[in-house]
Every structure is written in C-alpha cells, then in structure tokens.
Amino acid sequence: MGDKKRNIKGSGGLWEMKEEYSPKQIEPKWQNYWREQNFHRTGGDEGKQKYYVLEMFPYPSGKLHMGHMRVYSIGDVLARFLRMRGYNVLHPMGWDAFGLPAENAAIEHGVDPGQWTNSNIAAMKEQQDALALSYDWEREVTTCHPDYYRWNQWLFLLFFKNGLAYKRKAPVNWCPSCQTVLANEQVENGACWRCSSAVAPRELEQWFLKITDYAQRLLDDLKLLEGWPQRVRVMQENWIGRSEGTDIVFTVQETGDELTVFTTRPDTLFGVTYMVLAPEHPLVGKLLEGNPRAAEIRRIVQEMSRESEIDRTAADTEKVGVLTGGHAVNPVNGEAVPILVGNYVLMSYGTGAVMGVPAHDQRDFLFAKEYDLPIRLVINSLQTNLQATPLAEAYEEPGVLVNSDQFDGLPSEEAIKAVTDWLASNGKGNHRVRYRLRDWLISRQRYWGTPIPIINCAACGPVPVQESELPVLLPGGISLCDNQQSPLADNAAFLQATCPKCGGEARRETDTMDTFFCSSWYYVRYTDPQQDKLPFSKESADYWLPVDQYIGGIEHAVLHLLYSRFFTKFLYDQGLSSAQEPFQRLLAQGMVYKDGAKMSKSKGNVVTPDEIIARYGADTGRLFILFAAPPEKDLDWNDQGVEGSYRFLRRVWRLFQQHRDIFTPVTETVSSTPALGKKEETLRRACHASLKRVTVDIEERFNFNTAISAIMEFVNALYIYMNECNGDEKKSYRPFLREIMETVVIILAPFAPHITEELWQSCGYTTSVHRQAWPAYNPNYLLVDEVEVVVQVNGKVRGRMLVPTAAGEDELLEAARGHEKVQPFLDGKKIKKIIAVPGKLVNIVAADGN
RNA sequence: GCGAGAGUGGCGGAACGGCAGACGCGCUAGGUUCAGGACCUAGUGCCCGCAAGGGUGUGGGGGUUCAAGUCCCCCCUCUCGCACCA
C-alpha cells in the first residue's frame, strides 16, 4: 500500500464510537453529512477518464420495492467503486413521471396528478437517500416538468420536419381499461403490458414515429453491443424481424387489378394453386361484387377481422378460408388460381396477401387439404423422388425445380434469384426486404403526458407549433373522468388555436405522447440537465455518452431499449450527438423473489426496503441483496440470510471495538515496524488476496457476491490473527495492523457506506472513506515459500505434500515418487507416465503388468 | 415448433481443464451466560467404518484427456423469449 497522505486528527475525536453497532444512529448521521457537503456532485476533475453508470429511472409510484433496491444497490456499488478507482463518474437519478397511474389516482381520489406525482417523488427520494445511493441530485430529471417535456416537443418537431413523425388512420390496439391506444411493443399476448386487459382492434387517426426507417441500422448495430446479454440482442433481432424475399405481382382476372404478394420462396412460384387475402385487404370488397353469395361472405369476412390479430395468429387457431369467386393470374405461367380470404393472413405484414403453395409450405398444405385445393409439386428432393407418391406433408427443404418450365433443373437457391430476375425484367416483381417491425405509435388519448405540439387546421392540415411557442403547456385544473378521447379535448382554452401557417382558426392536437418518448432520451438530458437552449449541448453529450454501464429489468428488452437506440441514431443523424449507441454495456438484473415466489400482497410474502432499513439498516440490506446472488440471476430473499449479513457487519464493528488500541495516535511509520513474522505475513497475504479478488470481481466480472465473500474471508483471517497474537505482538505491529484494518474499511466502503464512514472517521481521519483511493494489491505479498501439492495416482488424490514454491517438475516427481501415502497404490504396478504441474499437483499414471 | 439460458449439499451459491462444494444460511457439539439472545471454538455432500481409512458424488448416457462441473456428441428437465411473418 502506498504512502499515507491522509489527514489524521489528534486524539480528541478518537473512539467516540458507541459500544454496539447501531445503524439507526450512524446511518442518518452520515446521510446528513454527505448531504450538507453536496458530496455526490459529479465531476470536478475532467482530466480523469469518464464513466457513466445509470440505472433505469423509475416511475414515481411513491414506494420503493425490493426490485428497485436491488438495481440501485448494484449501480451504487459500481459508482462508488469506480470513483475510488479514479474515474470521473456520472451517476444520476430521475423520474419517468408521466403516465397513467397519476391520472387514475386523479380520477379515483380527485387529487391533482402533478401534486400526486410530486409527493410520490419526494417520498421515493427520501427512501433512496436512506439507502445512501450516491446520486448527483443536481442533475435530477423529472419528465412531467415543462423544462423537460418542452424538449420532447422540440424533438417531436424535429422528427416531424424530417418526415419521421406522421399522422395516419390505422388499425390500432385499443386498451379498453386504460382507454387509450398502445404501440405494438406494448401488447403482450394480446393483452395490455400495463394492465393485462385484452386489447381490441380499432381504426383511428394516430401519430407515428417512423422507426421502420431505422430497421436495418437497428439490426446491424446490434453487432456493436458486445456488452449486452445475448438474449436481449436476440429479442431485438426477432422483433425487427428482417426477411428477404420477392414481391410478385399477380393480376386479378375479373377486374384487372394488380395483386402483389411477398414471398421468401419465389422458386416455388409454379406451385401456386390459390391465393389468400387478409380480411382487411382493399381488394376484398371489389372481388365480392357480383358474387351471388356476397352478403354471406362479407359477414364471414367481417367476423374474421373482428377477431384481434393476436387471436387470429395464435398457433392453435383454426385456419378459416372462404372463396371470393375471383381469380389471380400467375405472372410466370398465366395460370388463374382462385382467390380466398383467410383469417391467418395479416394485413400488417407484407402486402396482406399470400400465394398458396401447398406442396412446399406446411401451413398451405394443411389449408389445401381442408379446402380441397390442388397440390402441385415443383421442388424435388435430391434424396428421394417426391414425384413417385402423393405428399404426406409439405416438402419445405431446398431441392431441384420440376414442373417449372424454363427453370426446371435449377437448384432452389439459384432459382430464387433466377425467378426474381425474370419477374423484375418483366415488370412483375422485385427483390424485397421486409421487416416485422412496425412504425411506433406514439399518440395516447390521455391527459397526463406531453402534449403533441401540433395544430390541426382544416385548410393546412397538421401544422407544427412554432419553436418559439414551446412548451405547449399541459393545462391544469382539468376534470378527469373515464372518456373515449383525451380529456384535453374538453378544454376549450387549450383546444382553441390559430393556424401558424394561414392564421385561420384551428384546433390544437389533444393527443399526448407515449411515456416511452420521455424515456428514450432522458439519459442524454442528464449530461446537461439545466440546458435551456437545446435538449442538451453536444459537448456534454459527447463527453458523457454512451452510458458505460446501464442496469435495469429485462422487461424493457425490446420496448425502452429499442426506442432509445432509435432516438440515439436519430440524434446522431441530426448532428446533435456523436454517439451511435446509447448503452455500451447492459446488465439485466434478476428479479427478487421470496420463498420461491414473486412477492405479492395476496401471498403475504412482501418485504420492503423500509422494513429492512428500520430493522437492520441500509448497509445490511445492500450487503445482503448483493451477496445473495450474482446480479443477473433471480434472487430469493431470505430473512435468515439478511441476519447473516447483519452479523457480518457487527463482526467487523466488534473487530474495531476490541482492538481500538491499534488506533491510538501513533508517530511511527510503517518502515519502523519490526520485520513481519510468519503470522503477519499470512495476514498480509490474506489482505492482498482479498484486495485482488474484490477488485477483479467488481471491475471485470460484476460478481458482487464473490467480492463480498472475499471480504468476509479477509475479516475471518483477521479474527484468526487476533486470537493467535499476544498483546506485545499486537503492540509492536500496530502500524502494520492499522493499515490492514483500514484496508477492510476501504474495500467494504462501496457496499456498506455508513458503517465504513463511521469506522473510518473514528480511526481519526477527517476526510471521508469514500474519497480514498482504491488500494492496489501487491503481487509480491501473495507469494508463499511453500505450497501444498496434491499427489494423484491415476487421477485420484492419494496424498499431499508441502514443497518449496519454486520446486520444478523434477523435484516434484522426486518427492511424489517417494511419498508414503502414494506407495501402496503403486505396488505391483508399472509407472507409465507422470505429469507434474508446479504449484498444483503431480499425477502418476500407473497400470498392472509391464 | 424455433431461439436463448440454466440444471452442483438441507438452502443461497463458489470453483484459469488440475484437491468439487469458497463464502453465507441452516444444523450438531462444546464454551460463555441465572436464563434466553448475542458471542466464541470445532464439525457438517452422501455411503461403509469406533477409528484410521475406503468408496462414491456436479440431471442421464457416450466421448476427448494423464486429469472433465468445466471441452465435444446425444438425451431428459426447467426458465425465458418468439411463435401461422408468408
């Protein structure tokens, strides 16, 4: 360890420690101390390397739960550790403060959503402070404040000017309980992500952001995110759903209309025996004209489109089809095939029409069997001749084309290109890349959100509000009730507007923004939270971005994390920031369970951070939550386990109590201490081994659980030493022991900030333990003279021996051969081979006979 | 069905291809205490054995290796994600 440059006070303030470890007393004391000193303000030393640690900001529900406590503890240990390691750390916190719960509270209890939110924020902040989370509160961001949401509006207008925000009538997901529409990402298995009510389809005019323009980049750049869990990258990849294929233009025989389909298998084009349209396909109506059964069919089609998309696409939903009477002409061979309407075809993907190739698509195969449609083989297998017998199932593998005129004999892979080329040169199709990703629907018919800064003019259409007019303030005093449209639509003063373009009378847009809009860029605002000319300055953003370590729940794997990546790329394109990706590394922390089940009031197994703080203190809570499991794994909360963490902190406390004499003021320096004895060397080794492990476990592996166990081992070693040494030894090694014990305090500090601050300042220091440099371990102190080496016979441990550390292979072999415990296992056997691994083991391979 | 991850004591969890079970919980015994709690010491995978000692053991089965929880192949179970995407 390095030189002492710390301030030590005189004997006056020393050891005023209470006998008993009492978190109730020391925790508030140090929280005040840090608050008064504005201790956690960012920066001050731009010469250091920057590190941005961020936990996903919470919705201000008013109460912290164990999940919050876990994320924040992880982030806080990291932030504190990195500061001690000499980084310039940004570690901010804020509030995702718009959203439905505030509005619902308003409806139920008649409270003002803003007041409700603000008092929740105050309550949660108090809890966060009680956990000693080292946030720079000067950078706090609250999304429902006008000085934040005006920049939502500013960014919206920027999207609008770039053609990336647009309004369109579209079938959308309506949540009847939340009384608003939802984005595709916010529908899980046909249910609202927030309240789990079944969503229903509706046709409405809505605002969208054109995230689909960024589909390819969002997909490609997943490669850059090596610090993300693979499963999250895979989820995003699936969600974007890139698919390469061919658009093929058929012609409707009866009307002459063009009918385009998308397929990934143009090589099977000659096998088309029918065509299926989505119930919502625009041609359906026209095709039914003149059909004697039109009325009946229309009823069936309406039935189909009434079902939600989710029901229709559920794997176990029966495929239903109905003939329209129309026919489609295949561009490649002029053949006319019947056109049906089918419930399994979705208007939202591809062109809303699919070609039916029953011989080579299992889904089409089953459908054709059901409806007695012809099956024509056009791809033959290289292994078995499929033409010999009727197919029992679709042949979906690649093969060689048959029954396909000029393409006969081509392998599928080549035929895909050949058919596409043929279609392209005949104006009947093109190569085409499609995505499953849809544009992001951002309007919400709710009050408590960012007003969309648009004025709807009868003459000019949607016109952006002038930048100088921002923010469009959310009016107060709105009476909230359950309603089909935004409550803002009832507010005449808000509604009334003048068209910025023509000056005519116009209506203000009453939809508000999805709250995911707020959370898509808040991490940039933290870099420059007071900025009032722009959302943030480029300089600040470029200094801090990307977030080096982001920590949060896996539930945002697609939603928030995809939207944020989209925003970051847009900001980059606009020259507002240089970051390509927002989050360098991502940690998806596991959930907190109790007794193997999710905590819930009905199960009566809820534990709250408040209870833990009241009973054991924040330090114990933090320590346990980090010790019980690695951060990315689910954690089972265990009351007895918490007890164990509390016990450990008391054990540390007692160590200092019992040996306070070590800390009486000294003038000696380390060099004047007598040479260390064997016991002391062992202790020093334990110290540096622990130091090494804690450093590596936090910095490289994020394994806080093993880091803590290393500190425990260190403390155990200190107890053993103290038991073994006598008063004289203790006295003469006082400076050495002092340094050892101070190391305990320093490396425990990121985990348990209060107790360590108390112990540290009780040792006589006037500067905070949290301002100390993280000690470097000395590899020389890890060395030992002798090591125990295992002797194996045929891979089984048969003996152990103590040999000099420096012993080479030859010496090991010598010693192993003569080892008494090993002899019996070698009797009557021949030694075939001996492997010696210095410092570890010797393995003797022996067998019977010669 | 497709994709990803995971299966280790009574429990949470450790183990650069090199002594499986660190650390903690729980449990057992002893000490201390009027008692309880707290604390200290020792022990604690399973089986046989009084013991010394031996056997066995990381979901199952194969393989590579002097050596496998770890690498390769097959299978089973669980969790998560996607799921008629044309």
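Here are legends for an overview and several close-up views of a predicted model.

**Figure 1. The whole of chain A, with its helices and strands.**
Let's start with the full chain before zooming in. In this predicted model, chain A contains 26 helices and 34 strands. Its C-alpha atoms fill a box of roughly 110 × 90 × 50 Å along the principal axes. Of the 850 residues in the chain, 54% are buried. Among contacts with a separation of 6 or more, 72% are between residues 24 or more positions apart.

**Figure 2. Helix 20 packed with helix 24.**
Here we look at residues 639-658, which form helix 20, and residues 734-748, which form helix 24. The two axes lie 11 Å apart, and the helices pack at an angle of about 150 degrees. Because angles over 145 degrees count as roughly antiparallel, helix 20 is roughly antiparallel to helix 24. The crossing of helix 20 past helix 24 is left-handed. On the helix 20 side you will find Phe-648, Leu-649, Val-652, Leu-655 and Phe-656; they meet Met-741, Val-744, Val-745 and Leu-748 of helix 24. Sorted by type, this contact has nine nonpolar residues, with no polar and no charged ones.

**Figure 3. Ser-645, a buried residue of helix 20.**
Staying with helix 20, this view picks out Ser-645. Its relative accessibility is 1%, so Ser-645 counts as buried. Leaving out residues up to four places away in sequence, Ser-645 touches Thr-620, Leu-623 and Phe-624.

**Figure 4. Helix 19 crossing helix 22.**
Helix 19 spans residues 618-627, and helix 22 spans residues 704-724. Their axes come within 7 Å and cross at roughly 115 degrees. Helix 19 brings Leu-623, Leu-626 and Phe-627 to the contact, while helix 22 brings Phe-704, Asn-705, Ile-708, Ser-709 and Met-712. The tally for this contact is six nonpolar residues, two polar and no charged. Leu-623 of helix 19 also appears in the previous view, as one of the residues touched by Ser-645.

**Figure 5. Helix 7 and helix 17, roughly perpendicular.**
Helix 7 (residues 230-240) and helix 17 have axes that come within 10 Å and cross at roughly 75 degrees. That angle makes helix 7 roughly perpendicular to helix 17. Look for Val-232, Gln-236, Trp-239 and Ile-240 in helix 7, where they meet Leu-561, Leu-562 and Arg-565 of helix 17. The contact includes five nonpolar residues, one polar and one charged.

**Figure 6. Two aromatic pairs and an aromatic cluster.**
The structure holds 45 aromatic pairs, and two of them are shown close up. Phe-98 and Tyr-149 form a tilted pair, 5.5 Å centre to centre with 45 degrees between the planes. Phe-98 sits in the loop between strand 3 (94-95) and helix 3 (100-109), and Tyr-149 in helix 5 (residues 146-161). The pair links distant parts of the chain, with its partners 51 residues apart. Phe-98 and Tyr-149 are both buried.

In the second pair, the ring centres of Phe-517 and Phe-567 are 4.9 Å apart and the planes stand at 90 degrees, so this pair is edge-to-face. Phe-517 belongs to helix 14 (residues 515-519) and Phe-567 to helix 17 (residues 559-573), so the pair ties together parts 50 residues apart in sequence. Phe-517 and Phe-567 are also both buried. These two rings belong to one aromatic cluster, whose other members are Phe-159, Trp-193, Tyr-214, Trp-440, Phe-516, Tyr-563, Phe-566 and Phe-570.

**Figure 7. Gly-75, a buried residue of helix 2.**
Gly-75 is placed in helix 2 (residues 66-84). With 0% relative accessibility, Gly-75 counts as buried. Beyond residues up to four places away in sequence, Gly-75 touches Val-53, Glu-55, His-91 and Ile-551. Gly-75 and Ser-134 are 59 residues apart in sequence, and their C-alpha atoms are 9.3 Å apart in space.

**Figure 8. Asn-403, a partly exposed loop residue.**
Our last stop is the loop between strand 17 (400-401) and helix 12 (412-425), where Asn-403 is found. Asn-403 has 40% relative accessibility and so counts as partly exposed. Setting aside neighbours within four places in sequence, Asn-403 is in contact with Phe-270, Arg-376, Leu-377, Val-378, Gln-387 and Asp-408. From Asn-403 to Asn-380 the C-alpha distance is 9.6 Å, with their positions 23 residues apart in sequence numbering.

Note on methods. Residues numbered from 1 in each chain as written. Chains lettered and ligands numbered in written order. Predicted model: local features only at pLDDT ≥ 70, side-chain atom pairs only at ≥ 80, totals over all residues. Heavy atoms only, no water. Axes fitted to C-alpha atoms, helices over the stretch in contact; angles between N-to-C directions. Helix = DSSP H or I, 4+ residues; strand = E, 2+ residues; numbered from the N terminus. Parallel < 35°, antiparallel > 145°, perpendicular 65-115°, else oblique. Left-handed = near helix turned anticlockwise from the far one by under 90°. Contact = heavy atoms within 4.5 Å. Nonpolar A, V, L, I, M, F, W, Y, C, P; charged D, E, K, R; others polar. Phe/Tyr/Trp six-rings, centres within 6.5 Å; stacked < 30°, edge-to-face > 60°. Buried < 20%, exposed > 50% of the residue type's maximum accessible area, 1.4 Å probe, protein only.
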